[in-house]
Amino acid sequence: MPAAALPATIEDEAQLEELLSRPSPADVAFAGTLAGDVLVLGAGGKMGPSLARRVRRALDAAGVKRRVVAASRFSEPGLAAGLERDGIDAIQCDLLDPDAVARLPAAGDVLFLAGMKFGSAGRPDLTWVLNTVVPAHAARRYAASRIVVFSTGNVYPLVDAASTGSVEDDPPGPVGDYAQSCLGRERVFEHYSREAGTRGLTFRLNYATDLRYGVLADVARQVWAGEPVDLTVPKVNAIWQGDANSYAFRSLGLAASPPRLLNVTGGGSVGVREAAERFGRRFGREPRFTGTEGRSALLSDASRCHQLLGEPEVPVMQLVEWTAGWVEAGGRHLGKPTKFERVDGRF
């Protein structure tokens, strides 16, 4: 099954969703190895729907008869019904309720996406509960499964912006409740893995972009609107969400006890000034800047990921061009800004 050619632009949300969920040949090959059903926990967020659909499509292409189950509160109207139409079993579940988690169906493989993301500064208590208590419920319920646990590069400290970024063997240094609670999530799964022998992988992602959100979308929209772009953090990581979906699915095959660590991002880093100027040229607008260009950044080195799972299908510069076209055409924006420029941990 050869890889499909990448389009020059992404015209609408239907095409965007199709690309995000389109399985790669590597995804299909991996799907052929699965011996059990796949559960996506926390499937109602930004990445969950396209990840569940990619797994479903990969299994179908491989001719493998396995269930794909998506569990979430599903607060977005119509999302659960849409997943059902695509052959995914959608189960409404409050993951904070241990009895509800205990009633979820068995699964050989679990993709754990649940948790509080950016925008949690106003409720640090809820951030900690969602990022550490829910993992305990899931780890107990799925002790016999392989589990890929979504985490973040925010668990690392800032590094020299001229460097390639933190590697998996570097000690963590999270700043603020969000990053600290994400490290807490990792530690909870690590504990249950060591106690029960559960095979897992900690998926430290920096930063997924699907054109409607992400660091590149933030910068592009600021340039389009004539708003100043903050240079305090001079470089960022970015990865096409479709590539992140593929890596997450195939990372199940790398699960180990204790959990393996894996940095996940695109190739290299992107200069914030460089990206803003590129968007400015595309839009015919001179970008404005604020802040002193810093020497430190939150960067991850994803060499291990690329060695084990292959290079991303979508190069970062292609992602920049897609983002520019999306913003220029008035494409929809989702969610809160990533606040990549913050260095005080207040997300």
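This is a short walk through some helix packing and a few local features in the structure above.

Okay, one thing before we start: what we're looking at is a predicted model.

Let's begin with helix pairs. Two packed helices are described by the angle between their axes and the distance between the axes. So, take helix α8, residues 215–225, and helix α10, residues 272–283. Those two pack at an angle of about 50°, and their axes are 9 Å apart. That angle makes α8 oblique to α10. As for handedness, α8 and α10 cross in a right-handed way.

Who's touching whom there? From α8 we have Leu216, Val219, Ala220, Val223 and Trp224, and they meet Val272, Ala276, Phe279, Gly280 and Phe283 of α10. If you sort the residues of that contact by type, you get nine nonpolar, one polar and no charged.

While we're on α10, have a look at Glu277, which sits in that helix. Is Glu277 buried, exposed or partly exposed? With a relative accessibility of 32%, Glu277 counts as partly exposed. Setting aside neighbours within four places in sequence, Glu277 is in contact with Pro287 and Phe289. And here's a link back to Val223: Glu277 and Val223 are 54 residues apart in sequence, while their C-alpha atoms are 8.6 Å apart in space.

Now the second pair. Helix α3, residues 48–62, packs with helix α9, residues 241–251, at an angle of about 60°, and the axes are 10 Å apart. That makes α3 oblique to α9. The crossing of α3 past α9 is right-handed. On the α3 side, the contact uses Ser50, Leu51, Arg54, Val55 and Ala58. On the α9 side, you'll find Gln241, Gly242, Asn245, Ser246, Ala248 and Phe249. How do the residues of the contact of α3 with α9 divide? Here we get five nonpolar, five polar and one charged.

Both α3 and α9 come up again when we turn to helix α1, residues 13–21. In α1, the buried residues are Leu16, Leu19, Leu20 and Ser21. What covers those buried residues includes α3 and α9, along with β11 (239–240) and α12 (316–328). At the N-terminal end of α1 there's a cap, and Asp12 provides it. One of the side-chain oxygens of Asp12 lies 3.3 Å from the backbone nitrogen of Ala14.

Last stop: the loops, where there are some backbone details to point out.

Let's go on from α9. In the loop between α9 and β12 (260–264) you'll come to Pro258. Ser257 and Pro258 are joined by a cis peptide bond, with omega at about 0°.

Then there's Phe74, in the loop between β2 (68–72) and α4 (79–85). Phe74 isn't a glycine, but its phi is positive, about 50°. At 8% relative accessibility, Phe74 counts as buried.

And finally Leu211, which takes us back towards our opening helix: Leu211 lies in the loop between β8 (208–209) and α8. What is the phi of Leu211? About 85°, so to speak on the positive side, although Leu211 is not a glycine. Its relative accessibility is 0%, so Leu211 counts as buried.

That's my tour. Scroll back up to the structure and try finding Leu211 and α8 for yourselves.

Conventions
Residues numbered from 1 in each chain as written. Predicted model: local features only at pLDDT ≥ 70, side-chain atom pairs only at ≥ 80, totals over all residues. Heavy atoms only, no water. Axes fitted to C-alpha atoms, helices over the stretch in contact; angles between N-to-C directions. Helix = DSSP H or I, 4+ residues; strand = E, 2+ residues; numbered from the N terminus. Parallel < 35°, antiparallel > 145°, perpendicular 65-115°, else oblique. Left-handed = near helix turned anticlockwise from the far one by under 90°. Contact = heavy atoms within 4.5 Å. Nonpolar A, V, L, I, M, F, W, Y, C, P; charged D, E, K, R; others polar. Buried < 20%, exposed > 50% of the residue type's maximum accessible area, 1.4 Å probe, protein only. Polar contact = N/O pair within 3.5 Å; in protein donor to acceptor, adjacent residues only side chain to side chain.
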